[in-house]
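Student: I'd love a close look at one part of this protein, please. Could you walk me through it and its surroundings?

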Amino acid sequence: MSQGVSAVRILLLGEPRVGKTTLILSLVSEEFSPKVPAHAEEITIPEDVTPEHIPTQIVDYSAQTQSHEHLCAEIKRANVICLVHALDDENSFKQISSYWLPLIRHVSTDADTHIPIVIVGNKLDINHESKLNKMLPLMSEYCEVETCIECSAKTMLNLSETFWFAQKAVLYPTAPLYNAEKKECIRALTRIFRICDTDNDGYLSDRELEAFQTRCFSIPLTAQSLHDVKQLVKQSCPGGVTVNGLTQKGFLFLHLMFIQKGRHETTWTVLRRFGYGNHMRLSEQFIYPKFSIASGCSTEISPVGIQFLNALFNKYDLDRDGCLSTAELSELLATCPEDQLNHVTEMSLYVATNSMGWVTRQGFMAFWMLTAYLEPNRLLEYFAYLGFTYYESGSLWPSIVNGDYNQYDSVALTGNKQTNTNMSSLTSPSVIHKTSGLTGSQLFASHRSDLSKTSGSMTVANEALLRAIIITNDRRIDAIRRSTQRTVFYCRVYGARKVGKTCLMQGLLGRSLAGSGGTGIGGITGRTSNWVASSGVPVYGQSRTLLMHEISASAGEQMSANEALAVDVACLVYDVSDAESFRYVANIFLNFYRGTRVPCLFVAAKSDQSHVIQNYQIDPSEMITKYHLPPIESFSSVYLLPKRKHYLPLNNSFSDLSNAATATTTTSNGNGLDDTNTTTLSTRRRAGSADPISRSSLTSNTLTNNLNQPLLNSHDSASLENSLNDICDNSYSVTNGSRSRHHSRSDLYNNTNRNLKSQSEPDFRSVYILLCTMANYPHYRGFELAQTDHTWKWTLAATVLAGFGFFAFQMAKTHL
């Protein structure tokens, strides 16, 4: 079915007494009537009668009963026009070129897209002399003329074929396929070839051709048909087939043969499956499916969408270095239009890169997570261009019983002319089609079954594209249920000017003031963004994505309460060397987050510099104690943490999305820690801090107790609080003389280590893990709702009551 066409409207025009009304009535009644009215009423043929399964409206025009204004209005409404002339009336034929065709072009509203036209010669039973040869100049001059056919309303010869060609001119137009100037059809088919070439080797192997056949036509390609197709292309197109499979040149040549032999509905079926409309562009209905997001909910990429992104990354990471170079990223985006690439080409501003500025797998995944959260419509648009619907159909397509499908078998190479007049297959020389020598009855027989199978392709494609995202529950519902299914968390970063917010956000990407190139602030370009994202943040053995949004000082002062509360966690940054910096974030907390469900974390930035006393009515440590907030986290962009030797692979963590690990017993032979082989660090520096922390109180018994804590559950909030507070203090230990990072929960740590792989991914500092953990578990004791300070409420109430009392006293005093 043509995308965007709910019904085909056929308008019959021509000189009086050429048989327009007779054609309509003979088609409907299936018999000839010598007496017909001057004008036939509009007739609608239901969709279950037509081979395309689409309603068809047939409209008659009579100059005797209708005005010229009405004629122009009907021309604008029509999807296709049948120009009827009488084979026994030479004047009616001349009027087609001298009056009707120029009139239709003049009235047509769209100058670039003309209304398709079918020229019909009626009364073939009276005059057996064909005039089709005279139609060839008209077809060359007027590109909108799709077909010329001769028929008889009296003998019913080619009557149904006339209206079939009219319907076909709307659903499968030939003009877009032959637009040699714009070459849009070639670009569309090239994009389809790139998508179907799943291993990116430049060839369509037998397996890829079978998948293409099944996903486009719902019928498998037999081995014999596949052999015949390859032999035909090999004989007719040098370089079209190699030992590796069908090349892009051969793929384009194959569709050229379909078009030349009148099988352009085959090419259109392929184009429709990949979302193309009659203008050779992806239709808005395809790339913008309708969906709604309720307040408090957010969008994330679904597991099948994550699998697609991983497959896409693997497909274009040709050197297997875990990064996409500039050339590899350009190849990946080759299926997208050029005007859509600005957003993606600046990917390195938002996500992690290597030292050369190439996007890592982690950064690639995080970028699309960020896009899904902020602009889900844009994400679906990119997924449509990148071929998600084709990938998704492979995983959900039903198994089909093997059968013989000879879609390609009947194709034979003839000429290269667009206008073909091969009459050998016709019973009578009655049709000239722009690309075909087949009669309408032959097309009915050969394509009726195929068309019925593709009539619902648009609906299937829309549903498939929507499977790329999931809409999460409302945050309030998660708070009530005391659990969340979210994997992407939104963090707003507040702070006064020049306190180090940008450095904190860049640290999430593994960049610092001590780095250079891709690891320095701003990366290889030196530019920064107020949005950054990183995936793979470990939260108790599960992978999470953290999105950080820098809020400028002026924007923080002017924001509304709804904006402030539409967040999973708030990060309040102040400068330890600036005595006035804490005042700003303290006011932000008191005005927007005090007494709310949003967990907040104060971060002491520039902790490598000298600390000064903050010029505020309450000390930062006293504030977190008063409002039951987590301890202040120190951060410095100068000191870096060592990388972990083992990192959870993104492939597994994103595709599996496993639940929390089950309890396991720690042993002393590798997975667990033992009193005999565990030593403690006397001193170490807190992550991002220059101040050493005494570890004399940390013994092997303490480590063993921490590692043997029971599994996390919704009732054990105290154990979670202890574990979260110890993320910084208990995350490093020395085992067997080597320094390695251990999780504060042995059961989760040991279970995670079974799947660890060596990866060149950056480690995460404790501040980011803590932010992600707070967003994931905002209801536990360590991050419970802050105790509401009712003092200010009582003060306000007393002030209001005093005001009312004073006003009442003044009113009473005037009446005394």
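Student: Which residue stands opposite Met548 in strand 17?

Tutor: Happy to help! Cys491 is the residue that stands opposite Met548 in strand 17. Please keep in mind that this is a predicted model, where local features need pLDDT of at least 70, side-chain atom pairs count only at pLDDT 80 or more, and totals for chains, interfaces and linings use all residues. Residues are numbered from 1 along each chain as its sequence is written, and side-chain values use heavy atoms, with hydrogens and water left out.

Let's begin with the strand that carries Cys491's partner. Strand 17 covers residues 542-550; strands here are DSSP runs of E with at least two residues, helices are runs of H or I with at least four, and both are numbered from the N terminus. Nine of the nine residues of strand 17 are buried (under 20% relative accessible area with a 1.4 Å probe, protein chains only; exposed is over 50%, and partly exposed lies in between), so the strand is largely enclosed by the rest of the structure. That cover reaches both faces. On one side sit Gln542, Arg544, Leu546, Met548 and Glu550, and on the other Ser543, Thr545, Leu547 and His549.

Now for the neighbours. Strands count as paired if DSSP finds at least two bridges between them. Strand 15 (residues 488-494) runs parallel to strand 17 and is joined to it by six bridges. Besides the Met548 match with Cys491, His549 in strand 17 has Arg492 opposite it.

Strand 16 (residues 531-539) pairs with strand 17 in the antiparallel sense, over seven bridges. One of the matches here links Pro538 to its bridge partner in strand 17, Ser543. Strands 16 and 17 make a hairpin with two residues between them, and Tyr540 in that turn has a positive phi of about 55°.

Stepping back, we can place these strands in their sheet. It is an open sheet of six strands in the order 16-17-15-18-19-20, and its pairing is mixed. Strand 16 and strand 20 (633-634) are the edge strands, each pairing on one side only. In general, strands of a sheet pair through backbone hydrogen bonds, either parallel or antiparallel.

Helices lie across this sheet too. Helix 21 (residues 501-508) lies across strands 15, 16, 17 and 18 (the last being 569-575), and runs at about 155° to strand 17. Contact means heavy atoms within 4.5 Å, while angles run from 0 to 180 degrees between the N-to-C directions of lines fitted to C-alpha atoms, for helices over the stretch in contact. Helix 24 (residues 581-593) lies across strand 15, strand 18 and strand 19 (600-605), at about 160° to strand 18.

Finally, here is the setting for all of this. The protein chain has 31 helices and 25 strands, and 54% of its 816 residues are buried. Of the contacts between residues at least 6 apart in sequence, 77% join residues at least 24 apart. The pairing of Cys491 with Met548 thus sits beside that of Arg492 with His549, on a strand with both faces covered.
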